[in-house]
Amino acid sequence: MWFLLVAMGSLRAGLASPVPSPAPIPLGAQCLGSACFGLFGAAGSFAEAGGVCEEGGGHLMTVRSTVAAEAIALLLLRDLPGSAWLGLRLPENRCVEPARRLRGFQWVTGDEGTDFDAWESQGSDPKGPTCGPTCVAVTAQLKWQERACNASAEAALCEYNYPNGTCGPLTDAFAVTYLTPFGARESDLVASPPGTTAELASLGALLECRAQGSNGTFEWAPAAPGAWDCRLQNGGCADRCHLDEQGRPYCACLEGQRLLEDQRSCWYPCASLGCQQHCEPQGDSGVCMCFEGYKLDSDGKSCLDIDDCQVTPGLCEQECINTQGAFECRCWQGYSLEKGKCLPDKWACFDLTCEHECNLVNGEYQCTCFEGYTPDPKSPHKCLLVCDQAECPAQCDPHTLDLCYCPENFILDVKIDGMKVCVDINECESKFCGSLKCINTPGSYSCICPDGRIQEANNFCEQPSEEPEEFSGQTEIYPKSPVPPSFAPPKDGRSRGTLVAIIVSVSLTVVMLVVIICYLVKKRYAAQSISDYKSQQPQSGVALQHVSPTYDSSRQKI
């Protein structure tokens, strides 16, 4: 009898126990970052809608930015059966404040923060409540509508937050079906919350989003250890995914690493040591090491810079500067570092063998000349004498005043007082321009062409075709570069002035005759040999020449 009563009581208890209702399934879902949004149908009142969201671990949706508003648009435009409750309400004993963005309403999370609103125009429902409790629903036009909290809406918008992280999408190459913890079944989730399962029927794989490793990041993994199909995210292997002889996938690690219990992750002995620069694996552990120029600190992990200048004296010739992991050699003022050696700033001048001076020009040491001279274009280490007047003092050897020099296209002359000068040769007297008008200049000359152009020496005038008889189209050609000097004092050491002085002392008559003869010879000499030492020379410089009495009669006019 007792057993019968117990059995009957058990049967009544079983009949009285309520059958749990299945969890609601959302009409659609969207996941963005660490938040997911779901649309549920047949929600009823505001309170009933909130209960539907809480069953999946969420709450009615908050819309704080355009991003959330766009998620609502995607859900409502695709699946909305009517209006849907939002997580926005006006508390009891509080009235609408039109001047405020949320008009005095609060989110179900208890705050009023937002950068977005979409209220319906005021006055659209003049009979609507003006004081709380009042709730908000989203219409088919995506507008926020105030209505009584005990009124009914066709759907509820729920929000689920996952601050610890989510899993990314698996692949676009294979069809995937995602099942979220709040019951949504989707095929194109951008992010999947922890606990979501992903089914890939074509690969026979079932994966789950769950925390992996010591850092707790969320990744896809199967329930059983080992690799899945290598075509999908490398089979989940940390390093390499292979197939065995039966075609089953398995993971392998690089040399020096070991496969962990999940048969996908790899363990590196140095991973937990935290070496600052380098770690050398040794068995199940490792040893921290430092690069050259550093030494291991007492903690066995950090690396300290070595002061090379103090540890190894004499590294640099003059000054040593320590740097991180190395050192730098510098030189004292007045020296430059060249190929590891400190050389005087003018070290390059030693090989230039400059005739006058050596100075720094545009960052490079070059030969320079004294005032009145210019560098020789053919031999930059030599200098040419410059004369820009009709007459300049001759440059004579201070030891033997008989050895004197004149610039190109100047001849040596001795004045009555014995002063030796260089006199410009007048090329115009020698008809160098032919029938054209000639202009003599110090060290050169110019011809005036028929069209009025002034043509410098060594250039030609273009003769007009209608007047060929006036100008042959040819002028005397002279080398632009300096040529060897053509004048020098007599080899016996006596100057022409000395000879004149001796003749004058013998006889006045003889002196007068000699002067006349010398003048005629000089004029004739200039006309015959001018082409040997005359060429265009810019005012900036002419050749430094040794004067020689030798003449070159082989040159001809063209």
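A residue is called buried at under 20% relative accessible area, exposed at over 50%, and partly exposed in between, using a 1.4 Å probe and counting protein chains only. By that cut-off, 35% of the 558 residues of the chain are buried.

The model is predicted, so local features need pLDDT of at least 70 and side-chain atom pairs pLDDT 80 or more, while totals for chains, interfaces and linings use all residues. Numbering starts from 1 along each chain as its sequence is written, and side-chain values use heavy atoms, without hydrogens and water.

**Whole chain**

Start with the whole chain in cartoon view. It has seven helices and 38 strands; these are DSSP runs numbered from the N terminus, helices being H or I with at least four residues and strands E with at least two. Switch to a surface: the chain exposes about 32600 Å², of which carbon and sulfur atoms supply 54%. Accessible areas come from the Shrake-Rupley method with a 1.4 Å probe, and for residues only the protein chains shown count as cover. A contact means heavy atoms within 4.5 Å. Among the contacts in the chain with a separation of 6 or more, 49% are between residues 24 or more positions apart.

**Helix 2**

Select residues 46–55, which make up helix 2. Show the side chains of Phe46, Ala49, Gly50, Val52 and Cys53, the buried residues of this helix. They lie on the same side of helix 2 because they cover an arc of only 155° around the axis, the arc being that of the directions from the helix axis to the C-beta atoms. Now add strand 2 (35–44), strand 3 (59–60), strand 4 (84–90), strand 6 (134–138) and strand 8 (153–161): the buried residues of helix 2 pack against these strands. Turn to the face away from the buried side to find Ala47, Glu54 and Glu55, which are exposed. Just after the helix, select glycine 57, where phi is positive at about 85°.

**The five-stranded sheet**

Next, display strands 9 to 13. They form an open sheet in the order 10-9-11-12-13 with antiparallel pairing, where two strands pair if DSSP finds at least two bridges between them. Strand 10 (185–186) and strand 13 (217–221) are the edge strands, each pairing on one side only.

Select strand 9 (residues 177–179), which is joined to strand 10 by two bridges. Center on tyrosine 178: glutamate 186 stands opposite in strand 10, and alanine 198 is its bridge partner in strand 11. Strand 9 pairs with strand 11 over three bridges.

In a regular strand the side chains alternate between the two faces of the sheet. Show the side chains of strand 11 (residues 197–200): Ala198 and Leu200 point to one face and are buried, whereas Thr197 and Glu199 point to the other and are not. Then add strand 12 (residues 205–212), which pairs with strand 11 over four antiparallel bridges; one bridge pair is leucine 200 with alanine 205. The two strands form a hairpin with four residues between them, and glycine 204 in the turn has a positive phi of about 65°.

**The three-stranded sheet**

Finish at the open antiparallel sheet with the order 35-36-37. Strand 35 (437–441) and strand 37 (454–456) are at the edges with a single partner strand each, so one side of each has no neighbour in the sheet. Select strand 36 (residues 444–448) together with strand 35: five bridges join them, in antiparallel sense. Lysine 437 stands opposite isoleucine 448 in strand 36.
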